[in-house]
Amino acid sequence: DDTTSPVTLKLIKSVEVKQCDGDVKKPWYTGMDFLSDGRLVVVDNMNDKLYVMDENLQKLGMYKLSGYGYDVAVVSKEEVAVTGYKVIRFLHISKTNHITLTRTITTTAWYYSICLMNDTTFLVSPLRMITLTGEETYFDNLPEKQYVVGYSKSTYIRDRDIMVLTDMLDNTVYMYDNKKGRCELRCAVKDERIKEPRGVCQGPNNSVLVCSKDTNSLVQVSVSGRAIGSHELDMCCPATVCMSKDGKKLAVSNGAHGNKKLQLFSC
């Protein structure tokens, strides 16, 4: 696990996130994921919008959500799932960037982050499992800590069945082994480079990349719980990160009150 070498990021494109037609508030991109063809899907939480963008971060299509949107997970080549307030919306994104709502499932709790664990099940934060049909399951043996929505995010390392949870207030990244629905704490990662961790995504070689809000950087953590690299970003308070399916591109956005940015890197 510790043979993982630090990822090298090269900036491809950086754009300022500005208000556009119809925006009531300054946009905040709280959720992002890549479609398999490389297009980027982005949730603007402040204006209840979903965008699809090209490799130059140009908007190709937009969908107005009927209520809050928080995070997005690509389900298949043309389908994404978006978390909202006690709801998950499924949207179809065509090759011509036409976005349509296909179905909605209601949830018992307010979930923030979402990612696919396998072909039938999502991992959501606060940590629970939800099937594509809406059946919710608690994990056994999970610490009963209450997280304020938005103060923790999660991701899943499929090849190793490891859940990763960031704890912003505790400056900690938790890793849990998923033993068929039973949680076992693998490690609690604390490092001077990780301050107020927010967004997290799977990185190369089963590592994870964590947005460290107070150090304005991305920190790479191995599955053994070691911080193996840090990449300083040209943005304040990074909050959201995702990696393309082929592992060659990475997108990062921030939650700063001032200069909001969306950046695309090659890895």
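In this predicted model, the second largest pocket is lined by 21 residues. Pro 126, Leu 142, Pro 143, Lys 145 and Gln 146 are the ones that lie nearest its centre. The volume of this pocket comes to about 470 Å³. Its lining divides into 14 nonpolar, four polar and three charged residues. Pro 126 deserves a second look, as a cis peptide bond joins Ser 125 to Pro 126, with omega at about 0°. Most peptide bonds, by contrast, are trans. Pro 126 itself sits in the loop between S11 and strand S12 (128-131).

The largest pocket has a volume of about 760 Å³. It is lined by 39 residues, and those closest to its centre are Asp 33, Thr 155, Gln 202, Met 243 and Lys 245. Six strands each give two or more residues to this lining: S2 (29-34), S6 (72-76), S10 (114-116), S14 (154-157), S18 (197-202) and S22 (238-243). Among these contributors, S6 gives the most, with five residues. In terms of chemistry, the lining of the largest pocket holds 17 nonpolar, 14 polar and eight charged residues.

Strand S18, one of the contributors to the largest pocket, also belongs to an open sheet of four strands. The order in this sheet is S18-S19-S20-S21, with antiparallel pairing. S18 and strand S21 (227-232) are the edge strands, each pairing on one side only. On average, neighbouring strands of the sheet are turned by 25° against each other, direction ignored.

It is convenient to walk through the sheet strand by strand. S18 and strand S19 (residues 208-212) run antiparallel and are joined by four bridges; here Pro 197 has Ser 212 of S19 as its bridge partner. The loop between S18 and S19 is the place of Asn 205. The phi of Asn 205 is near 50°, a positive value in a residue other than glycine, and Asn 205 is exposed, with a relative accessible area of 55%. S19 then pairs with S20 in the antiparallel sense over five bridges, and Ser 212 stands opposite Ser 217 in S20. These two strands form a hairpin with four residues between them, and Asn 216 in the turn has a positive phi of about 50°. Five bridges join S20 to S21, again in an antiparallel run, and Ser 217 finds its bridge partner in S21 at Glu 232. The hairpin of S20 and S21 has five residues between the strands, and in it Gly 225 takes a positive phi near 90°.

Within this sheet, strand S20 (residues 217-221) is mostly covered, with five of its five residues buried. The burial extends to both faces: Ser 217, Val 219 and Val 221 lie on one side, and Leu 218 and Gln 220 on the other.

A further backbone feature occurs outside this sheet, at Asp 48. This residue is found in the loop between strand S3 (40-44) and strand S4 (49-53), and its phi is near 55°, a positive value in a residue other than glycine. Most residues other than glycine have a negative phi. At 17% relative accessibility, Asp 48 counts as buried, whereas Asn 205 is exposed at 55%.

Aromatic contacts complete the picture, and the structure holds six aromatic pairs. In one of them, Tyr 70 and Trp 110 form a tilted pair, 5.8 Å centre to centre and with 50° between the planes. Tyr 70 lies in the loop between strand S5 (59-64) and S6, and Trp 110 in the loop between strand S9 (99-106) and S10, so the pair ties together parts that are 40 residues apart in sequence. Tyr 70 is buried, with a relative accessible area of 6%, while Trp 110 counts as partly exposed at 33%. Another tilted pair is formed by Phe 90 and Phe 122, at 6.1 Å centre to centre and with 45° between the planes. Phe 90 belongs to strand S8 (residues 87-93) and Phe 122 to strand S11 (residues 121-124), so this pair ties together parts that are 32 residues apart in sequence. Phe 90 is buried, with a relative accessible area of 0%, and Phe 122 is buried with a value of 0%. Finally, ring pairs link Tyr 68, Tyr 70, Tyr 85, Trp 110 and Tyr 112 into a cluster.

Methods. Residues numbered from 1 in each chain as written. Predicted model: local features only at pLDDT ≥ 70, side-chain atom pairs only at ≥ 80, totals over all residues. Heavy atoms only, no water. 1 Å grid on protein atoms, 1.4 Å probe; cavity = no way out; pocket = protein on both sides within 12 Å on 5 of 7 lines; lining within 4 Å. Points joined across faces, edges and corners; volume = space filled by probe spheres on them. Nonpolar A, V, L, I, M, F, W, Y, C, P; charged D, E, K, R; others polar. Pairing = 2+ DSSP bridges. Axes fitted to C-alpha atoms, helices over the stretch in contact; angles between N-to-C directions. Phe/Tyr/Trp six-rings, centres within 6.5 Å; stacked < 30°, edge-to-face > 60°. Buried < 20%, exposed > 50% of the residue type's maximum accessible area, 1.4 Å probe, protein only.
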